Structures are given as C-alpha cells and as structure tokens.
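Please open the model in a viewer and keep the sequence panel at hand. The tour below proceeds by selections, each followed by a description of what is found there.

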Amino acid sequence: MGAAIEVVDLAKSYGELRAVDAVSFEVAEGEFFGILGPNGAGKTTTLEMIEGLRQPDAGTIRLLGEPPWPRNPALLPRIGVQLQSSAFFERLTAREQIHTLASLYGVKAATADDWLERVGLVDKADTRVEQLSGGQAQRLSIACALVHEPEVVFLDEPTAALDPQARRNLWELLSGLNDSGRTVVLTTHYMDEAEVLCDRVAIVDHGRILQLDSPASLVRGLDAATRITVAPGQLSTQEALAISGVDDVTEGSTGLVLRTRQPAVVLSALAEQQHLAGVQVQTGTLEDVFLSLTGREYRA
Ligand SMILES: Nc1ncnc2c1ncn2[C@@H]1O[C@H](COP(=O)(O)OP(=O)(O)OP(=O)(O)O)[C@@H](O)[C@H]1O
C-alpha cells in the first residue's frame, strides 16, 4: 500500500516558539494514525499544515500524492476535516447542517440521512445544533466530515471535553472508520484513546516526535514492569518480596502492588501459594512510555 501522507522535516514557528520542529512521518493508506501529546505539543499546527490550512516555514508535505499548500482545491473533496462544533452553521438543525454540507459536495440528501443514522442522531435530527450535547455535537461534526466519503479524514481531538462514557461511545464509532480502507489521522491528549484506536502513534512533545510505533511496540520497547495487585490481607510485604521475580512492592489503595518483569513466574508462585483470587494484572501503558521518554508524568 502507498503512503496517504508523507511529511518530511516539517517546521513552523510562531515568533520565537518552535511549535513544530523537524517533524517527519508517513501515514499508510488505510492506517489509523494518532498524534498524541500534551497541550501545546504542536498537534493542531501539524494537522493544519497537512490539511493545507496553514503554510509551513519549512519541509515538504504530500497528501494523497499532492502538495496541500498553496491551497489545493483538487484535494478538498478527497479529504474530510472535522469541524469544531463552534464552526457549525448557526441556528440550523442537525439534519439541515449535514444536508447543507452534503449539497456543497454534490452528495445526495439520502446519504446525509444515512450518516445521521450511523452516528446515532436520528432522534436529534430536528434539534438545533446549539442545543446538542457535547457528545452529540462531536458525532454530528464527525458525520459532516465523512458525508462526502473522503479518502482521508482528520479528527482534531474528537473526544475533547466529553465525559468518560460519551468518550467510550464515540470510540466505538471511530474504531470502524477505517474499515473500508479510509485513512484516519487523529490528534488526542488521551493515552488510552490512542492505545485503543490507533495502528501507530507519534508521541509528540515541544514540537518534536519523540517516538513513533504501534502502541504495543511502544510499550514492549519500554520493557515496562508489569504491576500485579494482590487483594489486601493475603500477603505481607516481606512475603511478597520473597517471591522470585518481584522487583518491588508497594501498598496501593486496592491491595499490595508487586512490580515485576517476569509476570508469569510471579503469577505461578502466587497460584502455588493460593493467593490468585482477586489478583489484577496491569501491563505497561503509553503513560509509562511518555514518562520514560520525557522523565515527567503525562498530564494532558
Ligand atoms: N496562531 C498562533 N500564534 C502564536 N502561537 C501559536 C498559534 N497557534 C499555536 N500557537 C502555539 O504553538 C504551540 C503549539 O500549538 P498547537 O495548537 O499546535 O498545539 P496542540 O498540541 O494542538 O495543543 P492543544 O492540545 O492545546 O490544542 C503552542 O505553544 C501554542 O500556544
């Protein structure tokens, strides 16, 4: 498969601030690609340059084989950009909003209605966009970005400001977006979101890519310890430390936390000692990767 997006040595400064600094990566056709980083890492600036909305200071970008800047009208029908909900046309209903976009792209009204259904907004079709909840507005904005069946879709923090349940509901919708071979590029603050949705993730901080790989490889490459939590009252700290393979032991809120790089060995010892009931096993996460790359805790 070819590359849907190729970015080489991309740079953008705002005055003295290097918002994006020597960034290079490729996104394959059909890939679900994540750009993950804390506030101000340069995610939006990178995305806007790829979309052709912002001029880079330096570097080259190819989007579906073409340069997106200067503004490239040939690319517009082939890409979908999720609008922030504040960019909706005012005082339209959800249905009017998506029908308006559909007609701009020459898409049939019935297709627009299908999209309302796919994002679960049929019963809100007659609600004005201002009166949608945060999650409903996000789903409408995603449907609007997809109504013309673009080959590449860009989502800038699609679950920002949603409560955990609404985020999870939206993940279900997002996870099927590239089933038909569509390329998806998403920026996010959330480690768990990148982990669940993305084939590969670029971890960015201060305008630079720190690491780029699949979530599983990032975690594996880190050699992070596995945390095994044993229910309270089962084991003393001394007994836990005596188990072969245990690196250290701390008291957590839900029990004794055993850190190990040999989880199988420790788990079989716990099984032998009849301490397996209620045990929780937690492997490394992207949070651990960020911590090891930057030396600081991840804070969105
Ligand atoms: N138009 C602008 N003028 C000046 N500085 C800007 C401008 N846009 C962004 N910046 C600065 O550039 C840096 C990168 O911003 P950017 O919005 O790309 O980051 P981000 O990773 O998307 O952050 P967030 O998650 O908060 O949206 C930030 O320090 C930001 O304050």
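## Starting at Leu116

Select Leu116 in this predicted model. Leaving aside its neighbours within four places in sequence, Leu116 is in contact with Ala94, Arg95, Ile98, Leu121, Val122, Ala125 and Ala143.

Next, extend the selection to the core to which Leu116 belongs. This is the largest nonpolar core, with 60 residues, and those with the most contacts inside it are Leu36, Ile98, Leu116, Leu140, Ala143, Val147 and Val185. Helix α4 gives the most to this core, namely six residues. A second, separate core has 12 residues, among them Val230, Val246, Leu258 and Val266.

## Helix α2

Select residues 94-104, which form helix α2. Which residues of α2 are buried? They are Ala94, Gln97, Ile98, His99, Leu101 and Ala102. An α-helix has 3.6 residues a turn, so residues three or four places apart point the same way. Show α3 (109-118) and α4 (134-146) as well, since the buried residues of α2 pack against both. After α2 comes Gly106, with a positive phi near 70 degrees.

## Strand β7 and its partners

Move to residues 183-188, strand β7. Six of the six residues of β7 are buried, so the strand is largely enclosed by the rest of the structure. Both faces are covered: Thr183, Val185 and Thr187 lie on one side, and Val184, Leu186 and Thr188 on the other.

Now add the following strands:

- β3 (residues 32-36) runs parallel to β7 and is joined to it by five bridges; the bridge partner of Ile35 in β7 is Thr187.
- β6 (residues 152-156) also runs parallel to β7, again with five bridges; here Phe154 has Val185 as its bridge partner.

## The ligand

Select the ligand and display the residues that surround it: Tyr14, Leu17, Ala19, Gly37, Asn39, Gly40, Ala41, Gly42, Lys43, Thr44, Thr45 and His189. Colour β2 (17-28) and α1 (43-51), each of which supplies at least two residues of this shell. The element that gives the most to the shell is α1, with three residues.

## The open sheet

Go to the C-alpha trace of domain 2, which covers 225-283 in the domain assignment, whereas domain 1 covers 3-214. Then select strands β10 to β13, an open sheet of four strands in the order β11-β12-β10-β13 with antiparallel pairing. Why do β11 (246-252) and β13 (280-282) each have one side without a neighbour in the sheet? Both stand at the edges with a single partner strand, so one side of each is left free of a neighbour there. Neighbouring strands of this sheet are turned by 20 degrees against each other on average, direction ignored.

Within the sheet, β11 pairs with β12 (residues 255-260) in the antiparallel sense over six bridges, and Thr250 stands opposite Val257 in β12. Finally, add helix α9 (residues 263-272), which lies across β10 (226-230), β11, β12 and β13 and runs at about 15 degrees to β10.

## The whole protein

Restore the full view. The centres of domain 1 and domain 2, taken over C-alpha atoms, are separated by 42 Å. Along its principal axes the C-alpha trace spans about 70 × 45 × 35 Å. The protein contains 10 helices and 13 strands, and 37% of its 300 residues count as buried. Among contacts between residues at least 6 apart in sequence, 65% join residues at least 24 apart.

Technical notes: Residues are numbered from 1 along each chain as its sequence is written. This is a predicted model: local features need pLDDT of at least 70, side-chain atom pairs count only at pLDDT 80 or more; totals for chains, interfaces and linings use all residues. Two strands pair if DSSP finds at least two bridges between them. Axes are lines fitted to C-alpha atoms, for helices over the stretch in contact, and angles run from 0 to 180 degrees between N-to-C directions. Two residues are in contact if their C-beta atoms, placed from the backbone, lie within 7 Å. A residue is buried if 20 or more other C-beta atoms lie within 10 Å of its own, exposed if 12 or fewer, and partly exposed in between; C-beta atoms are placed from the backbone. A nonpolar core is a set of buried Ala, Val, Leu, Ile, Met, Phe, Trp, Tyr and Cys residues joined through C-beta atoms within 7 Å. Domain bounds come from an automatic or database domain assignment. A residue is near a molecule or strand if its C-beta atom, placed from the backbone, lies within 6 Å of it.
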